[in-house]
Amino acid sequence: MSSGNDRQAQTFTKPALSEKEATELVDRVFGLKVSWIRPLPSYDDQNFHVRVSRSKGAAEGADEYVLKITNSEDSQEPDLIEAQTQAMMFLSAEGFPSATPHFTKDGNIMSLESGDTGPGNKKYMVRLLTYLPGTPVAKIATNSQIFYEIGKLAASLDKALSEKFHHPSVKSLHRGQFIWNLANVPLLDQYIYALGQNKYREVVEQVIEQFKGKVIPKLSSFRACLNHGDLNDHNILVDSTSASVENPQYRVSGILDFSDMSYGYYVFEVAIAIMYMMIESPDPLSVGGHVLAGFESVLPLTEEERGALFLLVSGRFSQSLVIAAHTALLYPENEEYLMITAKTGWKHLMTMFEVGQEAVEKTWFETAAAY
């Protein structure tokens with residue numbers, strides 16, 4: 001759910017291939033015949049769910065894929081896309097439910113293709129990734145068990161990447177001005193105009209000021225790591241593991257969208273997961289404790305990290321809401337998808353500030369301690 005470093009330059013970078021063009025692309029680049037194709041919603045890349053038909057005696061492989069066509073801006077950073085894809089392959093090998101790429105006819109994990117749509121002949125990086133089964137968290141009735149699992153996943157994932165993932169392209173994940181990195185909440189200043197003048201803008205300005213004063217000076221005391229950076233309710237797929245309707249149990253069956261990967265801190269990942277899980281809960285303020293308990297079952301936070309959690313969660317709400325408002329001005333036709341978070345996000349951010357940091361943290365930490 002992201003883009004390159006500068007969203008102002010992002011107009012017309014989203015690909016707009018037709019289903020026919022996408023079908024021809026899969027055949028030409030990957031040597032596969034598409035039997036069925038449909039578009040998938042996306043922020044600023046273009047995705048298609050495709051099913052391929054296999055001829056008798058064809059090489060083994062999946063039958064369903066996601067064709068991912070990266071926006072023209074991010075497509076100019078092949079090292080970055082390489083790092084993200086290599087990370088997915090690494091995680092899959094480590095037992096995480098992550099997609100893996102189908103190689104091109106030339107044996108590569110991606111291919112730079114020209115798109116004939118829109119002004120100028122833009123080039124788009126194209127990948128064909130295995131389709132992961134499962135239901136997005138956004139579509140289930142969530143409970144404390146799945147929140148705990150997602151917290152645990154967030155910690156395990158970052159820990160595996162940070163301790164064992166060594167690939168030459170990994171240095172490209174130092175993305176200093178990347179707008180979605182949680183350290184860059186102060187950069188929202190340049191996009192805040194998109195909110196107009198209202199009570200929401202006042203709260204976001206408050207978040208930015210407090211973030212500058214209380215979080216930025218502490219960054220050096222947080223433990224650094226590689227972040228997935230976008231464990232949201234649409235990027236985590238789950239399967240039901242119990243037949244009980246009253247008390248369903250879930251396991252994570254898929255982790256999607258590595259395009260926000262960057263170097264950050266362990267506490268960033270748990271804050272991001274808490275924020276997105278709040279959106280999916282009828283009791284949002286209690287969610288943080290369950291996600292935190294799962295995260296700390298793998299990686300307990302330090303006092304400094306815990307102390308920053310409230311502002312980090314508020315900071316991610318602000319990023320999501322401000323950038324969505326800004327991007328919706330650029331892409332009014334995609335407004336419905338862009339504003340998914342905004343439907344409940346503003347309400348939750350306002351509630352957090354009304355209740356106050358002390359009370360919210362008390363709820364989170366007491367819930368986590370009960371585990």
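Reader: Let's start with Thr327. Where does Thr327 sit, and what makes it count as buried?

Author: In this predicted model, Thr327 belongs to helix H7, residues 303–330. Its relative accessible area is 0%, and buried means under 20%, so Thr327 is called buried.

Reader: What does the side chain of Thr327 have as a polar partner?

Author: A polar atom of the Thr327 side chain lies 2.7 Å from the backbone oxygen of Ile323. The cut-off for a polar contact is 3.5 Å, and 2.7 Å is within it.

Reader: How far apart are Thr327 and Met339, in sequence and in space?

Author: They're 12 residues apart in sequence, with 9.5 Å from C-alpha to C-alpha.

Reader: On to Asn143. Why is Asn143 called buried?

Author: Asn143 has a relative accessible area of 15%. The limit for buried is under 20%, so Asn143 goes in as buried. As for its place, Asn143 is in the loop between strand E6 (135–136) and helix H3 (144–164).

Reader: Which residues does Asn143 touch, leaving aside neighbours within four places in sequence?

Author: Asn247, Pro248 and Tyr250. There's also a polar atom of the Asn143 side chain 3.0 Å from the backbone nitrogen of Ile146, which again fits within 3.5 Å.

Reader: Now H1. How do you know what span to expect for its 12 residues?

Author: The expected span is 1.5 Å times one less than the number of residues. For H1, residues 19–30, that comes to 16 Å, and the helix reaches 16 Å from its first C-alpha to its last.

Reader: Which residues of H1 are buried?

Author: Ala22, Leu25, Val26, Val29 and Phe30 are buried. They cover an arc of only 100° around the axis, so they're on the same side of H1. Those buried residues pack against several strands, including E1 (33–40) and E2 (46–53). Just after H1, Gly31 takes a positive phi of about 70°.

Reader: What makes the E6-E8-E9 sheet an open one, with which strands at the edges?

Author: The order is E6-E8-E9, with antiparallel pairing. E6 and E9 (250–255) each have a single partner strand, so one side of each is left without a neighbour in the sheet.

Reader: How do you know that E8 and E9 pair?

Author: Pairing needs at least two bridges, and five join E8 (residues 236–240) to E9, so they pair. One of the bridges puts Val238 opposite Val252 in E9.

Reader: What is the mean pLDDT of the chain?

Author: It's 91, and 93% of the residues reach 70 or more. Over residues 1–11, though, the pLDDT is below 50. Where pLDDT is low, predicted coordinates shouldn't be read in detail.

Notes: Residues are numbered from 1 along each chain as its sequence is written. This is a predicted model: local features need pLDDT of at least 70, side-chain atom pairs count only at pLDDT 80 or more; totals for chains, interfaces and linings use all residues. Side-chain values use heavy atoms; hydrogens and water are left out. Helices (H or I, at least four residues) and strands (E, at least two) are DSSP runs, numbered from the N terminus. Buried means under 20% relative accessible area, exposed over 50%, partly exposed in between (1.4 Å probe, protein chains only). A polar contact is a pair of N or O atoms within 3.5 Å; within protein, one must be able to donate a hydrogen and the other to accept it, and residues adjacent in sequence count only if both atoms are side-chain atoms. The arc is that of the directions from the helix axis to the C-beta atoms. Contact means heavy atoms within 4.5 Å. pLDDT is the predictor's confidence in each residue, from 0 to 100.
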